[in-house]
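Got the viewer open? Let's take a walk through this one, stop by stop, with something to select at each.

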Amino acid sequence: MRKYFLVFVPFVLLFVPFVMKGARSGMIRGRVDLRRVPLPVEPRPNVAGLGAATATLDISDRLASVVYLESAPRGAFETVETTHAVMDQRGERFVPHVLAITTGTIVDFPNSDHIYHNVFSLSRTRTFDLGRYAAGRSKPVRFDRPGIVRVFCDIHSHMNAFVLVFSHPFFSLTGADGRYHIDNIPPGTYNLIAWNEGVTSEPRSVTVTDGSVDEEDFTLR
């Protein structure tokens, strides 16, 4: 008889099968093709920024996509480790523009510019306001709930970023070539989703077998 367990995963609650011990894990890999890349917001002149370095607009920020499993095997929820990640403020940009992390991660927000910044979010997943702080300082935020967090700067309206928080490790951020790979996936059938700048693909059912390597490509926009 097959046993089922109720688990909470990012954005949805699903039933997933229990995975028997001894089975070899598999891999899902592929490419995310972006047909239309959203352009960065043009910075607005401000008196406080006079004499500072000019804000840089880099379209490569918008090329980063995240591919993830909508559900995950039971073992992914047994332990939650506290790790650290960094989202810098540099050239009046958040670097990286997209950050994918697991629950329990502490993200540091250093200010590497020579002007003040004010990092905040009104997202339901994690609401915070770090206040204004000068160059050379850094403030942390811990993310304990799965979901998507939009990050902004209260001083510079053109600055924005995304933090995607997962309660399992089965996700991957694409490289410069759009390629991704998710490793160590226990055998089972999962829904695979690709995300870019708030746009998500339709869930795609993928069956991972003992030691398999599955190729799954996506086209967004």
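Before the first click, one convention: two strands pair here if DSSP finds at least two bridges between them. With that in hand, select Ala-100 and look straight across to strand E14, where Leu-164 stands opposite. Keep in mind throughout that this is a predicted model.

**The whole chain**

Zoom out and colour by secondary structure. You'll find 21 strands and zero helices in the protein. Switch on a surface: the protein exposes about 11,600 Å², and carbon and sulfur atoms supply 53% of that area. Of the 221 residues, 47% are buried. If you draw contacts with a separation of 6 or more, residues 24 or more positions apart account for 62% of them.

**The five-stranded sheet**

Now select E8, E14, E13, E10 and E11. In that order, these five strands form an open sheet with mixed pairing. Which strands stand at the edges? They are E8 (98-102) and E11 (128-133); each has a single partner strand, so one side of each is left without a neighbour in the sheet. Look along the sheet and you'll see the twist: neighbouring strands are turned by 20° against each other on average, direction ignored.

Stay on the E8 side for a moment. E8 and E14 (residues 160-166) run parallel, joined by five bridges. The Ala-100 and Leu-164 you picked at the start face each other across these two strands.

Then hop over to the other edge. Strand E10 (residues 117-121) pairs with E11 in the antiparallel sense, over four bridges. Pick His-117 and its bridge partner in E11, Tyr-133. Follow the backbone from E10 to E11 and you pass through a hairpin of six residues.

**The three-stranded sheet**

Next, select E5, E9 and E12. This is an open sheet as well, in the order E5-E9-E12, again with mixed pairing. E5 (84-86) and E12 (138-143) are the edge strands, each pairing on one side only. From one strand to the next, the twist averages 25°. Strand E9 (residues 105-110) runs antiparallel to E12, with six bridges between them. To see one pairing up close, show Phe-109 and, opposite in E12, Lys-139.

**Aromatic stops**

Show the Phe, Tyr and Trp side chains. A search of the whole structure finds six aromatic pairs. Centre on Tyr-68 and Phe-166: their ring centres are 5.0 Å apart and their planes are at 50°, so the pair counts as tilted. The two come from distant parts of the chain, with Tyr-68 in strand E4 (residues 66-69) and Phe-166 in strand E14, 98 residues apart. Are they buried or exposed? Both Tyr-68 and Phe-166 are buried. Add Phe-171 to the selection and you have one aromatic cluster of Tyr-68, Phe-166 and Phe-171.

While the rings are showing, go to Phe-218. Arg-204 lies over the face of this ring, at 4.1 Å from the ring centre.

**A buried serine**

Back up to Ser-65, in the loop between strand E3 (26-34) and E4. At 1% relative accessibility, Ser-65 counts as buried. What is Ser-65 in contact with, leaving aside its neighbours within four places in sequence? Select Val-32, Leu-34, Ser-172, Leu-173, Thr-174, Trp-195 and Asn-196 to see these contacts. Then draw a distance from the C-alpha of Ser-65 to that of Leu-220: 9.7 Å, across 155 residues along the chain.

**Backbone oddities**

Last, a few spots for backbone watchers. The peptide bond from Val-95 to Pro-96 is cis, with omega near 0°. You'll find Pro-96 in the loop between strand E7 (94-95) and E8.

Step back a little to Glu-92, in the loop between strand E6 (88-89) and E7. Phi of Glu-92 is near 55°, a positive value in a residue other than glycine. Glu-92 is buried, with a relative accessible area of 8%.

For the final stop, pick Asn-184. Phi of Asn-184 is near 55°, again positive in a residue other than glycine. Asn-184 lies in strand E16 (residues 179-185) and counts as exposed, at 56% relative accessibility.

Methods: Residues numbered from 1 in each chain as written. Predicted model: local features only at pLDDT ≥ 70, side-chain atom pairs only at ≥ 80, totals over all residues. Heavy atoms only, no water. Axes fitted to C-alpha atoms, helices over the stretch in contact; angles between N-to-C directions. Buried < 20%, exposed > 50% of the residue type's maximum accessible area, 1.4 Å probe, protein only. Contact = heavy atoms within 4.5 Å. Areas by Shrake-Rupley, 256 points an atom, 1.4 Å probe, with all protein chains shown as cover. Phe/Tyr/Trp six-rings, centres within 6.5 Å; stacked < 30°, edge-to-face > 60°. Lys NZ or Arg CZ within 6 Å of the ring centre and 35° of its normal.
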